[in-house]
Amino acid sequence: MVSFRLLFSLATIAGSAMACTDDATYQITLPNSQSPPQLQVVGCSYIKANTKKTSIRIANLCPAHSAKCPFSCGTCPTTSSPAPSSAPQASPSAKPSAAPQASPSAKPSGSTAPSAAPFGSPSAKPSQSMKPTVSCTDSATYTFKTFSGKMEKCSWMTKNPNATKDAARILKYCADAQTKFQCAKTCDTCKVPPCEDNATHTFVLPNVGKTVKCEYITKNIKKVAARQASLCPSQGASCPKSCGYCPA
């Protein structure tokens, strides 16, 4: 006979493994460089379809699509499988305990009165809570295009032995909103507020005239990629989270 605990553990593990899969019906809309823009619709598997571009696609697409593409984005929760309990014994290990008594064994002890009156004021001042520490690091997967057309990581800005050239690179490339957030350590932007959208920021949609907030960019899942491509170059500094600029 298989113990109920073993069956329950196996069912839990199987359920967790099955739960973390990409949504087979989910679609991602990709903009391209053609003029006028031609949109391409792909599935979650596109993220890992080209191994040489997987890290770039994860950095660009997964902030907005990881909920539907957890397997391709590598965001599946990790669970350790519990060891099964030992095999059940053929017979009970011991006799059941004696039946409970019909009446309490003794009267309750002690009085119900409080031991002493409370103090009129607290005995000590509450301790000050420590402020949360924010990890200040560069994204390990983010790349940006340099003036020469090459794709480089954050560390490239400080690779030149000439400190003057390093400073010039930082001044030039950290002016870009996405690079500023993805390369927080190199761009020295760790002291700015966390990578969140500005809750009060609004902007007018071109050719529409409607005033919207940052959340508009990700409001329609099917149009996220297209809206990021058209709106984030001008609104990314105020809407870094909706634009997918925050480091993973």
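Is Asp23 buried, exposed or partly exposed, and what is its relative accessibility? Select Asp23 to begin: at 25% relative accessibility, this residue counts as partly exposed. Here buried means under 20% relative accessible area and exposed over 50%, with partly exposed in between (1.4 Å probe, protein chains only).

A word on the model before moving on. This is a predicted model, in which local features need pLDDT of at least 70 and side-chain atom pairs count only at pLDDT 80 or more, while totals for chains, interfaces and linings use all residues. Residues are numbered from 1 along each chain as its sequence is written, and side-chain values use heavy atoms, with hydrogens and water left out.

**Stop 1: the salt bridges**

Keep Asp23 selected and add Lys68: their side chains meet in a salt bridge, 3.8 Å from N to O. The term stands for a side-chain nitrogen of Lys or Arg within 4 Å of a carboxyl oxygen of Asp or Glu. This pair links distant parts of the chain, with Asp23 in the loop between helix 1 and strand 1 and Lys68 in the loop between helix 3 and helix 4, 45 residues apart. Helices (H or I, at least four residues) and strands (E, at least two) are DSSP runs, numbered from the N terminus. Lys68 is partly exposed, at 35% relative accessible area.

The count of salt bridges comes to 2, so select Lys241 and Glu196 as well, whose side chains meet at 3.6 Å, N to O. Lys241 sits in the segment after helix 7, and Glu196 in the loop between helix 6 (177-182) and strand 5 (202-204), 45 residues apart. Glu196 is partly exposed, with a relative accessible area of 46%.

**Stop 2: three of the disulfides**

Now show the cysteines. With a disulfide taken as a pair of cysteine sulfur atoms within 2.5 Å, the count comes to 7 disulfides.

Start with Cys20 and Cys76, joined with an S to S distance of 1.8 Å. Their link is left-handed, with -90° about the S-S bond. Cys20 lies in the loop between helix 1 (4-19) and strand 1 (28-30), and Cys76 in the loop between helix 4 (70-73) and strand 3 (144-145), 56 residues apart. Cys20 counts as buried at 14% relative accessibility, whereas Cys76 counts as partly exposed at 26%.

Next, pick Cys62 and Cys73, a disulfide with S to S at 2.0 Å. Cys62 lies in helix 3 (residues 54-65) and Cys73 in helix 4, so the pair ties together parts that are 11 residues apart in sequence. Both cysteines are buried.

Then go to Cys214 and Cys239, whose sulfur atoms are 2.0 Å apart. Cys214 is in the loop between strand 6 (211-213) and helix 7 (224-235), while Cys239 is in the segment after helix 7, 25 residues apart. The torsion about their S-S bond is about -65°, so this disulfide is left-handed. Cys214 counts as buried at 2% relative accessibility, and Cys239 at 0%.

**Stop 3: the nonpolar cores**

Stay on Cys239 and add Phe203, Leu205, Ile217, Leu231, Cys243 and Tyr245: these residues have the most contacts inside the largest nonpolar core, which has 15 residues. Such a core is a set of buried Ala, Val, Leu, Ile, Met, Phe, Trp, Tyr and Cys residues joined through side-chain atoms within 4.5 Å. Helix 6 and helix 7 are the elements that give two or more residues to this core.

To finish, look for a second, separate core of 10 residues, which includes Tyr26, Leu30, Cys44 and Cys62.
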